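Me: Hi, could you walk me through this structure? I'm new here, so plain words please.

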Amino acid sequence: MFEPLFSQLDASVPGLRAVSGVGNDGIEIEQYVKSQLAHDVLSAEMTGILRTLERLHRELDLGKLQEVIVRTDLQNIFIFSLSGGLYILLVTDSSSTTGRARYAVQKIAYKFAELL
């Protein structure tokens with residue numbers, strides 16, 4: 001279902017390691033993995049973090065959570081909130097430019113929503 005969009009992200013995001021569509025329950029709907037990575041565990045654990053952040057946003061009236069970026073010395077982890085309780089989890093090498101990855105996902109985010 002998302003394979004053409006994942007391929008498009010792979011072509012436009014240098015250093016892409018994995019990308020997946022994740023439901024708000026933490027279960028991956030579909031994934032595209034280029035290098036060995038425990039993406040399913042990452043999806044489940046990051047969803048727990050998202051729930052905590054969303055609760056904080058609601059309690060403090062900060063608005064709807066749109067994205068979270070975690071940068072480490074080995075990789076960058078992006079979580080983008082889409083409509084309908086769907087998240088895009090994208091993992092890149094640490095050397096990859098975060099702005100480029102953000103732009104690439106934002107450019108096609110509406111296409112993910114259309115496929116749901």
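Me: Which residues does L9 touch, leaving out those up to four places away in sequence?
Reply: L9 touches V19, L90, A104, V105, I108 and F112. Contact here means heavy atoms within 4.5 Å. This is a predicted model, where local features need pLDDT of at least 70 and side-chain atom pairs count only at pLDDT 80 or more, while totals for chains, interfaces and linings use all residues. Residues are numbered from 1 along each chain as its sequence is written, and side-chain values use heavy atoms, with hydrogens and water left out.

Me: Thanks! Which members of the largest nonpolar core touch the most other members?
Reply: L9, V19, L90 and F112 do, in a core of 20 residues. A nonpolar core is a set of buried Ala, Val, Leu, Ile, Met, Phe, Trp, Tyr and Cys residues joined through side-chain atoms within 4.5 Å. Buried means under 20% relative accessible area, exposed means over 50%, and partly exposed is in between (1.4 Å probe, protein chains only).

Me: Which elements each supply at least two residues of this core?
Reply: They are α1, β1, β4 (75-81), β5 and α3. The largest share, six residues, comes from α3. Those labels follow DSSP runs, numbered from the N terminus: helices are H or I with at least four residues, and strands are E with at least two.

Me: What does the second, separate core include?
Reply: That one has 13 residues, among them A18, M46, I79 and L89. As a general point, nonpolar side chains in soluble globular proteins tend to be buried together.

Me: Back to the first helix. Which residues of α1 are buried?
Reply: L5, F6 and L9 are the buried residues of α1. Seen down the axis of α1, they fall within an arc of 100°, so they line one face of the helix. The arc is that of the directions from the helix axis to the C-beta atoms.

Me: And what do those buried residues pack against?
Reply: They pack against β1, β2, β5 and α3. The face of α1 turned away from the buried side carries P4 and A11, which are exposed.

Me: Where is S12 found, and which residues is S12 in contact with beyond its neighbours within four places?
Reply: S12 is in helix α1, and its contacts of that kind are R100 and A104. The C-alpha atoms of S12 and A104 are separated by 6.6 Å, although these residues are 92 apart along the chain. S12 is partly exposed, with a relative accessible area of 30%.

Me: New topic: how many salt bridges does the structure hold?
Reply: Four. A salt bridge is a side-chain nitrogen of Lys or Arg within 4 Å of a carboxyl oxygen of Asp or Glu. One of the four joins the side chains of K34 and D10, at 3.0 Å from N to O. K34 lies in the loop between β2 (28-33) and α2 (39-59) and D10 in helix α1 (residues 3-12), so the pair ties together parts that are 24 residues apart in sequence.

Me: What about the salt bridge of R17 and D93?
Reply: Their side chains meet at 4.0 Å, N to O. This pair links distant parts of the chain, with R17 in strand β1 (residues 16-23) and D93 in strand β5 (residues 86-93), 76 residues apart.

Me: Are R17 and D93 buried or partly exposed?
Reply: R17 counts as buried at 16% relative accessibility, whereas D93 counts as partly exposed at 31%. Outside the residues up to four places away in sequence, R17 touches several others, including Y32, V33, K34, Q75 and V91. The C-alpha atoms of R17 and V33, 16 residues apart along the chain, are separated by 6.2 Å.

Me: Which helix holds R55 and E59?
Reply: Both lie in helix α2, four residues apart, about one turn of the helix. Their side chains meet in a salt bridge of 3.3 Å, N to O. R55 is partly exposed at 39% relative accessible area, and E59 is exposed at 56%.

Me: Last one: which residues make the nonpolar surface patch?
Reply: M1, I29, L115 and L116 make a patch of about 380 Å². Patches are made of residues with over 30% relative accessible area and no salt bridge, with like charges joined within 9 Å and nonpolar side chains (Val, Leu, Ile, Met, Phe, Trp, Tyr) within 5 Å. The areas come from the Shrake-Rupley method with a 1.4 Å probe, and for residues only the protein chains shown count as cover. L115 lies in helix α3 (residues 98-115) and is partly exposed, with a relative accessible area of 38%.
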